[in-house]
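My notebook is open and I want to get to know this fold by looking things up one at a time. Here is what I start from.

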Amino acid sequence: MKVQLITFCWNEMSVIPWAVEAWKAFADKVTVYDNGSDDGSVEYLQKNGIEVIQYGESHLDNEMLMNYKNNAWKVMDADIMVVCDMDEIITGHDVRGSMERMLRSGGTLCAPVWYNLLWDKYPKGRFIEKCLDWGCFD
């Protein structure tokens, strides 16, 4: 099984280290569409072997961003495509295994209900994990 992740960036250096760490647990290929970051995001991503593609002329171009999100699957070179925002960090104790089970069972769309919030005041640099009782990745 091959998993490809596509995400979007504009000055996201505050969350990129956690995102890159999470991606390594399940993604075979990661592509980041960057919209003119000038905070070191691109350099950090490239240093960590992440493909970065520049797009757009203004980080405020939401129409272009939505177009990329809605059409990302068209460039899919994998069995599973994950499209998320940079701060939607996908973690869990067996994310890849959950994806494999979904694929084997014929699933085509997954809406994970685990989520991690990175809040710089609680405590600095730590995640707050939350899982709803229904439909979680095992």
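**Entry 1: the order of elements.** I walked along the chain from the N terminus and wrote down β-α-β-α-β-α-β-α-β-β. That makes four helices and six strands. Note to self: this is a predicted model.

**Entry 2: the sheet.** Next I asked in which order the strands of the open sheet lie. The four strands go 3-2-1-4, and their pairing is parallel. Strand 3 (51-54) and strand 4 (80-85) are the edges; each has a single partner strand, so one side of each has no neighbour in the sheet. I also looked up the twist: on average, neighbouring strands are turned by 20 degrees against each other, direction ignored.

**Entry 3: one strand pair.** I picked strand 1 (residues 3-9) and strand 2 (residues 29-34), which pair in the parallel sense over six bridges. Cys9 sits opposite Asp34 of strand 2.

**Entry 4: helices on the sheet.** Helix 3 (residues 62-71) lies across strand 1, strand 2 and strand 4. Its direction is at about 175 degrees to strand 1. Helix 4 (residues 95-104) packs on the sheet too, where it touches strand 1 and strand 4. With the direction of strand 4, helix 4 makes an angle of about 130 degrees.

**Entry 5: helix 1, inside and outside.** Which residues of helix 1 are buried? I found Ile16, Ala19, Val20, Ala22 and Trp23. Why do they line one face? Looking down the axis of helix 1, I see that its buried residues fall within an arc of 165 degrees, so they share one face of the helix. A rule I had to remind myself of: an α-helix has 3.6 residues a turn, so residues three or four places apart point the same way. The buried residues pack against strand 1, strand 2 and helix 2. On the face turned away from that buried side I found Glu21 and Lys24, both exposed.

**Entry 6: the cores.** A general point first: in soluble globular proteins, nonpolar side chains tend to be buried together. The largest nonpolar core here has 26 residues. Those touching the most other members are Leu5, Trp23, Phe26, Val32, Leu45, Val82 and Met86. At least two residues each come from strand 1, helix 1 (16-24), strand 2, helix 2 (41-47), strand 4 and helix 4. Helix 1 gives the largest share, five residues. I then zoomed in on Phe26: leaving out residues up to four places away in sequence, Phe26 touches Val3, Leu5, Val82, Ile90, Val95, Arg96 and Met99. Apart from the largest core there is another one of seven residues, including Ile6, Tyr33, Ala72 and Met81.

**Entry 7: a loop residue.** Is His93 buried or exposed? Its relative accessibility is 61%, and over 50% means exposed, so His93 counts as exposed. I located His93 in the loop between strand 4 and helix 4. From His93 to Ala25 it is 68 residues in sequence, and 9.5 Å in space, C-alpha to C-alpha.

**Entry 8: whole-protein numbers.** Last, I noted the totals. The protein has 138 residues, and 33% of them count as buried. It exposes about 8600 Å², with carbon and sulfur atoms supplying 51% of that. I also checked the contacts between residues at least 6 apart in sequence: 61% of these join residues at least 24 apart.

Key:
Residues numbered from 1 in each chain as written. Predicted model: local features only at pLDDT ≥ 70, side-chain atom pairs only at ≥ 80, totals over all residues. Heavy atoms only, no water. Buried < 20%, exposed > 50% of the residue type's maximum accessible area, 1.4 Å probe, protein only. Contact = heavy atoms within 4.5 Å. Areas by Shrake-Rupley, 256 points an atom, 1.4 Å probe, with all protein chains shown as cover. Pairing = 2+ DSSP bridges. Axes fitted to C-alpha atoms, helices over the stretch in contact; angles between N-to-C directions. Core = buried A, V, L, I, M, F, W, Y, C linked by side-chain atoms within 4.5 Å. Arc of directions from axis to C-beta.
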